[in-house]
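Biologist: I'm new to this, so please walk me through the cavities in this model, slowly and in plain words. Start with whichever you like, and then tell me what is around them.

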Amino acid sequence: MKNTVPQALEINTVSESKIGQVDFENLNFGNIFTDHMFVCDYANGKWQTPKIVPYGPLTMDPSARVFHYGQAVFEGMKAYKDDNGDTFLFRPDENFNRINKSAERLAIPEFPEDYFFEGLNALLKLENDWIKPGFGNSLYIRPFVIATQASVSASEADEYKFMIICSPAQSYYSGDVSVLVAEKFSRSASGGFGYAKAAGNYAGQFYPTNLAKEQGYQQVIWTDSNAHEYMEEAGTMNVFFRVNDTLLTAPVSDRILDGVTRKSLIAIAEKEGYKVDVRPVKVSEIVEAAKNGSLKEIFGAGTAAVVSPVKAFGYKGEHYELEKQENSYAAHFKKALMDIQYNKTEDTFGWRYKV
Ligand SMILES: Cc1ncc(COP(=O)(O)O)c(C=O)c1O
């Protein structure tokens, strides 16, 4: 990542920071935003001058296509500060590539790499005080693109906004979760855009997740849309199963998001000599493993919670509890990954990016 500010980047800073009003000990995830935001408009067939401006509301025409056709994609990444006050991103090239992959599927123009990295770098330097040191503290970074063109005609827009907003986040542990394996609903379908971080994928999850909550489950394990036979993702995370000492996880596909945490955990596990089997995981084999005691752990993997252990799952009216493991893989891999993110260990994979 280059450390220079691009010639074109315009920076307009706030006269007074609102950081003094923020209680960093009691942050609710995703509710507080930093002083500035990055904005770049697409018009006349090209991305215009990128800008960093004070954080604030947008004014848009009510007919802007994002409101009607959901032409919107986003990313989720974090900046971490080590004990020396240095700031790092974790594999930001993966997020950059993925937002353009998502954009392509939603017929949104590709965003230039230098605008992204130089804009992000400048924004993070401005917001340095918002990135708190301490294991688990981070600055959550939300890049997104929306179709702003005023028109309700059902086709792709020719005007967009690419933006980056940032929200300070604390380490949080909401307890081990119970999940319901989907028998009817799907978050994505073959030939669809489940692999894209497209806004509509998330809107479609809320209703089935609410139904699962009514049954006492916090999240849904999404299964394949064809026959609901295979385990695919857990809520907004990729999902791993530990059967005896083997880690199982589904291969990515057009229905599954290619998670940065997922691929990093697989790489760490393989390097450390764990058995990792990346293959379609049948619901029936996990139910069987739960019954015969070989299912030791289930955990979700994603940027927000890193690793999120599952304590029980429901399927076809049955409830399966998992026994608490002494030396859980979930805890081991969470620490291994966070040690890299917070510069507490050697980065043998070359994943850390110093801001
Ligand atoms: C549907 C879905 N699956 C998996 C993930 C995990 O991806 P990552 O590890 O890149 O955060 C996310 C995002 O966090 C997601 O939205």
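Modeller: Let's start with strand E11 (219-223) and strand E12 (230-234), each of which supplies at least two residues to the lining of the second largest cavity. Keep in mind that we're looking at a predicted model. The full lining of this second largest cavity is Arg 187, Ser 188, Trp 222, Thr 223, Ser 225, Glu 232, Glu 233 and Arg 255. Sort those by class and you get four charged residues, three polar ones and one nonpolar one. The space inside comes to about 40 Å³.

While you're at E11 and E12, have a look at the loop between them, because that's where Glu 229 sits. The side chain of Glu 229 meets that of Lys 282 in a salt bridge, with 3.5 Å from N to O. Lys 282 belongs to strand E16 (residues 281-282), and the two partners are 53 residues apart, so this pair links distant parts of the chain. If you're wondering about the idea behind such pairs, side chains of opposite charge can pair when their charged atoms come close. Across the model, the count is 16 salt bridges.

Now for the other cavity. Searching the whole structure for cavities of 30 Å³ or more turns up two, and the largest holds about 110 Å³ of space. Its lining is made of 13 residues, and the ones nearest the centre are Tyr 80, Phe 90, Val 260, Thr 303 and Gln 341. Three elements give two or more residues to that lining: strand E6 (77-81), helix H5 (260-271) and helix H7 (329-341). Of the elements, E6 gives the most, with three residues. By class, the lining of the largest cavity has six nonpolar, six polar and one charged residues.

So where does the largest cavity sit? The chain is assigned two domains, domain 1 (2-169) and domain 2 (177-341). Both of them give residues to the lining of the largest cavity, so it lies between them.

That makes the meeting of the two domains worth a look too. Their centres, taken over C-alpha atoms, are 28 Å apart, and the contact takes 20 residues from domain 1 and 22 residues from domain 2. People often give the size of an interface as the accessible area lost when the parts come together. Here, domain 1 and domain 2 bury about 2000 Å² between them, with 63% of it on carbon and sulfur atoms. On the domain 1 side, Phe 90, Arg 98 and Arg 105 supply 30% of the area buried against domain 2, more than any other three residues. You've met Phe 90 already: it is one of the residues nearest the centre of the largest cavity.

Finally, there is one salt bridge between domain 1 and domain 2. And if you zoom in on Lys 263 and Glu 94, you'll find their side chains meeting in a salt bridge, 2.8 Å from N to O.

Note on methods
Residues numbered from 1 in each chain as written. Predicted model: local features only at pLDDT ≥ 70, side-chain atom pairs only at ≥ 80, totals over all residues. Heavy atoms only, no water. 1 Å grid on protein atoms, 1.4 Å probe; cavity = no way out; pocket = protein on both sides within 12 Å on 5 of 7 lines; lining within 4 Å. Points joined across faces, edges and corners; volume = space filled by probe spheres on them. Helix = DSSP H or I, 4+ residues; strand = E, 2+ residues; numbered from the N terminus. Nonpolar A, V, L, I, M, F, W, Y, C, P; charged D, E, K, R; others polar. Domains from an automatic or database assignment. Contact = heavy atoms within 4.5 Å. Buried area = accessible area lost by both parts, 1.4 Å probe. Salt bridge = Lys/Arg side-chain N within 4 Å of Asp/Glu carboxyl O.
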